[in-house]
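Reader: I should like to learn how the features of a protein model are read. May we work through one example together?

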Amino acid sequence: MDNVSGEKVPVENVKIFDTTLRDGEQSPGFSMTMPEKIRMARQLESLGVDIIEAGFPIASPGDLEGTRAVAREIKGCTVAALARARRDDIDAALDGISQAKHPRLHTFLATSDLHLHHKLRLTREEALEAISTNVRYARQHCAEVEFSAEDASRTEINFLCKAVKAAVDAGATIINLPDTVGYAVPEEYAAMFRDVIAFLDGAPGITLSAHCHDDLGLGVANSLAAVQAGARQLELTINGIGERAGNAALEEVIVLLNVRQAKLGVTTNVHLDKLYATSRLLTEITGAPVSPNKAVVGANAFAHEAGIHQDGILKNPLTYEIISPEAVGVPKRSLVLGKHSGRNALRAALVEIGYTPTAEELDQCYKRVSALADEAKTVSTRDLLAIAHQVMRKHSSETALTAE
Ligand code: KIV
Ligand code: ZN
């Protein structure tokens with residue numbers, strides 16, 4: 001496979017599990033109607049994710065309906081539904097995915113002492129029993145079962161291994177080790193994956209999955225660390241939406257794995273050129289814009305204002321861009337005319353609006369643009385048209401007078 005730099009590298013596939021419609025949708029300000037969920041799910045399918053987590057059906061009748069609708073609609077990838085490790089939850093989730101072409105039942109139980117003691121009031125032994133019983137039940141009704149050890153990154157490692165073994169023995173083939181509260185640092189998150197894989201003797205037939213929250217801004221870094229330690233499924237959301245500070249952002253992880261493919265040796269089935277449209281669709285549906293400086297999809301991600309950078313970009317985009325805007329579906333890079341811009345960027349902007357300035361005209365335009373940018377921060381195309389018109393018209397009438 002080629003990366004964006006055209007290099008040929010041996011690669012292993014990492015499955016992308018999108019949880020925008022579940023972990024993302026359950027966070028404040030991101031709820032979606034059923035038609036919106038279906039629209040988003042279709043976009044995710046065409047983006048090329050491998051699994052769409054459509055909802056948490058026990059949570060509400062609307063969530064169940066939304067999951068059913070996505071399961072009916074989506075045929076090109078697996079549709080998963082979430083359930084606590086309880087029979088009534090699992091039954092609701094099974095109902096949600098009953099019409100899916102490729103269904104997956106995703107069940108979870110917290111494994112850290114903190115959650116077991118204070119939230120679930122279960123002993124470790126009772127937790128192991130609940131995992132075995134409920135994963136087995138789920139497996140009897142669905143061919144593909146994923147088990148998540150909630151709060152795995154704060155779980156004592158020996159107990160985590162026992163919990164994982166209980167799930168595997170009961171029939172789970174995908175084991176997710178979430179950093180539920182975004183607490184882990186990359187090195188320890190990776191070590192946890194290595195320990196669990198070693199405990200499972202290399203985990204033949206089992207896919208290890210990472211699910212990272214962004215409370216300390218480490219969601220993407222931890223997802224990367226997990227891949228380097230052997231995880232082959234990543235749970236992500238578009239624009240990084242999700243509980244509290246959100247989940248690792250899908251677009252950032254995908255571009256990272258692509259741009260650094262030669263180093264990392266992994267690839268995904270995601271079509272990079274659909275990332276921007278997918279991000280925009282989510283923004284349109286939820287009304288929640290992404291920050292302008294957000295990696296990959298933010299308004300400034302491919303905008304250049306500093307004169308030195310603009311000059312470099314015009315000579316060779318690789319000087320200041322490690323990925324081209326077109327590769328991720330951004331219509332075009334923009335050279336923003338502001339007080340830091342240089343003459344080369346100004347000339348390019350003038351040519352784009354139909355003017356070919358002489359050196360003197362460029363100089364005059366430059367002075368006016370700089371003066372305006374000092375007051376107005378940036379110079380719009382309309383401002384530029386006005387300046388160009390004044391300078392070039394004045395100039396051409398002066399030339400005409402001299403000729404007379
Ligand atoms: O963050 C988390 O632990 C979760 C699980 C339910 C997978 O969202
Ligand atoms: Zn989560």
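Reader: Let us begin at the metal. What spacing do the donors of the zinc ion (ligand 2) follow along the chain?

Author: A word of caution first: this is a predicted model. A spacing pattern names the donors in chain order and counts the residues between them; here the donors of the zinc ion (ligand 2) follow D-x187-H-x1-H. The protein donors are D23 through OD, and H211 and H213 through NE2, at 2.0 to 2.1 Å from the ion. D23 belongs to helix α1 (residues 20-24) and H213 to the loop between β8 and α9, so that this pair, 190 residues apart, links distant parts of the chain.

Reader: Are D23 and H213 buried or exposed?

Author: A residue counts as buried when its relative accessible area is under 20%. D23, at 2% relative accessibility, is buried, and H213 is buried as well, with a relative accessible area of 4%.

Reader: The loop of H213 comes after β8. How are β8, α9 and β9 arranged?

Author: For strands joined through a helix, one reads the hand of the crossover. Strand β8, helix α9 (residues 219-228) and strand β9 form a right-handed β-α-β unit. The strands β8 (residues 207-212) and β9 run parallel and are joined by three bridges, with A210 opposite L234 of β9. Strand β2 (residues 15-18) also pairs with β9 in the parallel sense, over four bridges; there, D18 has L236 as its bridge partner.

Reader: Which residues lie on the two sides of β9, and are they buried or exposed?

Author: For a strand, each side is considered in turn. In β9 (residues 233-236), Q233 and E235 lie on one side and L234 and L236 on the other, and all four are buried.

Reader: Why is helix α9 described as largely enclosed?

Author: One counts its buried residues: seven of the ten residues of α9 are buried, so the rest of the structure largely encloses the helix. The buried residues of α9 are G219, N222, S223, L224, A225, A226 and V227. After α9 comes G230, which has a positive phi, near 120 degrees.

Reader: How should strand β6 be read, and which strands does β6 join?

Author: The same two questions apply, concerning partners and cover. Strand β5 (residues 103-110) runs parallel to β6 and is joined to it by six bridges, with H106 opposite E146 of β6. Strand β7 (residues 174-179) is likewise parallel to β6, through three bridges, and S148 stands opposite N176 in β7. From β6 the chain crosses through α7 to β7, in a right-handed β-α-β crossover. As to cover, six of the six residues of β6 (residues 145-150) are buried. V145, F147 and A149 point one way, while E146, S148 and E150 point the other way.

Reader: How many residues make up the largest nonpolar core, and which have the most contacts inside it?

Author: In soluble globular proteins, nonpolar side chains tend to be buried together. Here the largest nonpolar core has 96 residues, and L177 and F193 have the most contacts inside it. Helix α7 (residues 157-169) gives the most to this core, namely seven residues. Both domain 1 (12-270) and domain 2 (303-403) give residues to this core, so it lies between them. Another core lies apart from it, with 14 residues, including L346, L362, A388 and V391.

Reader: Which residues does F193 touch, leaving aside those up to four places away in sequence?

Author: With that exclusion, F193 touches L177, L208, S209, A210, A226, A229 and A231. A210 thus appears both in this list and opposite L234 in β9.

Reader: Finally, how is the chain divided, and what dimensions does it have?

Author: Here one reads the domains, then the overall extent. The chain is divided into domain 1 (12-270) and domain 2 (303-403), whose centres, taken over C-alpha atoms, are separated by 48 Å. Along the principal axes, the C-alpha atoms fill a box of roughly 100 × 40 × 40 Å. The chain has 16 helices and twelve strands, and 50% of its 404 residues count as buried. Among contacts with a separation of 6 or more, 72% are between residues 24 or more positions apart.

Note on methods: Residues are numbered from 1 along each chain as its sequence is written. Chains are lettered from A and ligands numbered from 1 in the order in which they are written. This is a predicted model: local features need pLDDT of at least 70, side-chain atom pairs count only at pLDDT 80 or more; totals for chains, interfaces and linings use all residues. Side-chain values use heavy atoms; hydrogens and water are left out. Buried means under 20% relative accessible area, exposed over 50%, partly exposed in between (1.4 Å probe, protein chains only). Two strands pair if DSSP finds at least two bridges between them. A crossover is right-handed if, with the strands pointing away from the viewer, the path from the first strand over the helix to the second runs clockwise. Domain bounds come from an automatic or database domain assignment. A nonpolar core is a set of buried Ala, Val, Leu, Ile, Met, Phe, Trp, Tyr and Cys residues joined through side-chain atoms within 4.5 Å. Contact means heavy atoms within 4.5 Å. Donors are N, O and S atoms within 2.8 Å of the metal (3.2 Å for Na, K and Ca); water is not among the atoms, so sites may look incomplete.
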